[in-house]
Amino acid sequence: MSSLTEKDRPIVQLLLSAGTCPRCILRFCRVGSQMLYRHPHEDLMKDLQEFLKNNQEKEDTACLDVADPPCKRMRLEHREEGADGQKHNGAIPQVPEADDGSAAMESSAVKVCNVCLGILQEFCEADFVKKMCQKVNSADYQFTSFVFSVSLPPQLSVRETPVQVIISLCFRNLGLPLAKDDIVQLKEAYKWIIHPQLSEELGVPADGKSLFEVSVVFAHPETDEECHFLATACPDCFKPAKNKQSVFTRMAVIKALEKIKEEDFLKHFPCPPSSPKKLCDALEIQCNNGAVFVAGRYNKYSRNLPQTPWIIDGERKLESSVEELISEHLMAEFKADSFNFSSSGREDVDVRTLGNGRPFAIELVNPRRIRFTAEEMKRLQQAINDSSDKIQVRDLQLVTRSAIGRMKEGEEEKTKTYSALIWTDKAIQREDIAFLDDIKELKLDQKTPLRVLHRRPLAVRCRLIHTMRSEYIDEHHFRLHLKTQAGTYIKEFVHGDFGRTKPNIGSLLNRTADILELDVESVDVDWPPTLAD
């Protein structure tokens, strides 16, 4: 095995004797050849045996040339053993006799690795890769590449620590420096082995920037409690967190291992670690596609339809919403797990949205289908429009996540046009309302309306009425067309909200006014792009 040198020999022999698998041995010997890790487990074992045998023969030949050959036993450091004579509680094992290594390798071949707990053994084989691919294919995702991720049990970091201690001491005796960063990380080695196999089975390349993720979650119940002593030694590292089932997360364990003193660690954990009885469990093989974003504009023609589900104290008030009428078709076609709806502002349940409609965007989470032609999007838009007479959508299209930001950019600076049907308690003539047409850039002070105070903070907001145009209907009714700054509360501008909006139509006309109907006629946001019919 050309990647190993004479200085690696005591490490190889010690780790094999302790029950470490060949791939973990390569990791700790800092072997960076990806191809070497992909060799079959049996071949790697034979290569290590050959490596030890060849080096042993060289030493035997060298010994014939000297009268008093040096002792072949290398002691790492003399440490006092525990009362029971076992190699734990602070005792560092010495490198075994430099024999041909066959006994160590014979036992190691049948054991679960004492470091990776079998991840670099059984879970690198073709059968497990095929099992992953069957899971991926059965999920029926569309993808052109993949990124592979793996979640490892936190106790693996605990088990690697005493091995690093042994190697560090060995190299110190040889007069060679060794940084922890030089060791090949288990997750990296596993990906080296799995990537080409997955790529071949799935027929697409591995790509670190791919939106389609294949992940596997490993657990090892037999050794779960091996992290627990760290909570006593470093309690500050283990804090309860939301959405975490255990405080013993990988990052928390690593942080504790960085803080704990070497001698304190060795008092609680065997060095080298013992071999477990069982392999790791592959708890989950998961697939996830990056979110897809669909944008468009909607018109709302009903005065009894909320934009989003109207639920109060767990009770649904109305049977549907704009959000649901649009999303149910998108969810079905994209085969997504869930969605998030957003729009450029919102209208009340009794307000219609006319004209070119209101811009909206929907994030479809973990979609199985991601590719749609322009013609397919047109058919999807038509299906939505045919399903209800309460809404219509237009300009339905796929967009990027970054493009959605344009819908929200400068939302307060955009203008919106409204049409309001207004009632007055005192009779009016045309000349009584004509002056409204001449008012430009009317400044309002709007205290948070009473009707939204339960969900909006109390504040006074300054808003502008850019222009107004009145249409006389009869002595108690007129229609008012308004162009306003986005975020203006139109209903409150009409009736005054008990003096919380100043000025208001009532105060301008010097009589009581109320709003009977309100329509949004345009939302002046130049997004998403208009599509040809």
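This is a dialogue on how to read several features of the chain shown above.

Visitor: What should I keep in mind about the model, and how many helices and strands does the chain have?

Guide: The model is predicted, and its secondary structure comes to 17 helices and 15 strands. Of the 533 residues in the chain, 47% are buried, and the accessible surface comes to about 26700 Å², with 48% of that area belonging to carbon and sulfur atoms.

Visitor: Which share of the contacts joins residues at least 24 apart in sequence?

Guide: If we take the contacts between residues at least 6 apart in sequence, 78% of them join residues at least 24 apart. A single residue can illustrate this kind of reading: L444, in strand β11 (residues 442-447), has its C-alpha atom 6.1 Å from that of P503, although the two are 59 residues apart along the chain.

Visitor: Is L444 buried or exposed, and what does it touch?

Guide: The general idea is that a residue counts as buried when its relative accessible area is under 20%; L444 has 1% relative accessibility, and therefore counts as buried. Leaving aside residues up to four places away in sequence, L444 touches R461, C462, R463, I465, T488, F493, K502 and P503. E492, placed in helix α16, is likewise buried, with a relative accessible area of 2%, and beyond the same span of four places it touches Q446, P449, R451, D497, T501 and N504.

Visitor: Where are the cis peptide bonds that involve P503 and P528?

Guide: For such a bond one reads the omega angle. The bond joining K502 and P503 is cis, with omega about -15°, and P503 is found in the loop between β14 (501-502) and α17 (505-509); this is the P503 that L444 touches. The peptide bond from W527 to P528 is also cis, with omega near -5°, and P528 is found in the segment after β15.

Visitor: What is the phi of L117 and of D313, and is each of them buried or exposed?

Guide: Here one reads the sign of phi together with the residue type and the surroundings. L117, which is not a glycine, has a positive phi of about 60°; it lies in the loop between α5 (102-108) and α6 (126-138) and, at 0% relative accessibility, counts as buried. D313, also a residue other than glycine, has a positive phi near 55°; it lies in the loop between β5 (311-312) and β6 (315-316), but at 81% relative accessibility D313 counts as exposed.

Visitor: Why does the largest pocket lie between two domains?

Guide: One reads a pocket through its lining. Domain 2 (291-411) and domain 3 (416-523) both give residues to the lining of the largest pocket, so this pocket lies between them. The space in it is about 920 Å³, and of its 33 lining residues, R346, E347, D348, R455 and R456 lie nearest its centre. The elements that give two or more residues to this lining are β10 (415-424), β12 (460-474), α16 (490-495) and β15 (513-523). By class, the lining divides into 12 nonpolar, 7 polar and 14 charged residues.

Visitor: What lines the second largest pocket?

Guide: About 580 Å³ of space lies in the second largest pocket, which is lined by 21 residues, with P154, S246, F248, T249 and R250 the closest to its centre. Both β2 (212-219) and α10 (250-259) supply at least two lining residues, and β2 gives the most, with 3. This lining has 10 nonpolar, 8 polar and 3 charged residues.

Conventions
Residues are numbered from 1 along each chain as its sequence is written. This is a predicted model: local features need pLDDT of at least 70, side-chain atom pairs count only at pLDDT 80 or more; totals for chains, interfaces and linings use all residues. Side-chain values use heavy atoms; hydrogens and water are left out. Helices (H or I, at least four residues) and strands (E, at least two) are DSSP runs, numbered from the N terminus. Buried means under 20% relative accessible area, exposed over 50%, partly exposed in between (1.4 Å probe, protein chains only). Contact means heavy atoms within 4.5 Å. Accessible areas come from the Shrake-Rupley method with a 1.4 Å probe; for residues, only the protein chains shown count as cover. On a 1 Å grid over the protein atoms alone, a cavity is a set of points where a 1.4 Å probe fits but cannot get out, and a pocket is an open set with protein on both sides within 12 Å along at least five of seven lines; lining residues have an atom within 4 Å of a point. Grid points are joined across faces, edges and corners, and a volume is the space filled by probe spheres set on the points. Ala, Val, Leu, Ile, Met, Phe, Trp, Tyr, Cys and Pro count as nonpolar, Asp, Glu, Lys and Arg as charged, and the others, Gly among them, as polar. Domain bounds come from an automatic or database domain assignment.
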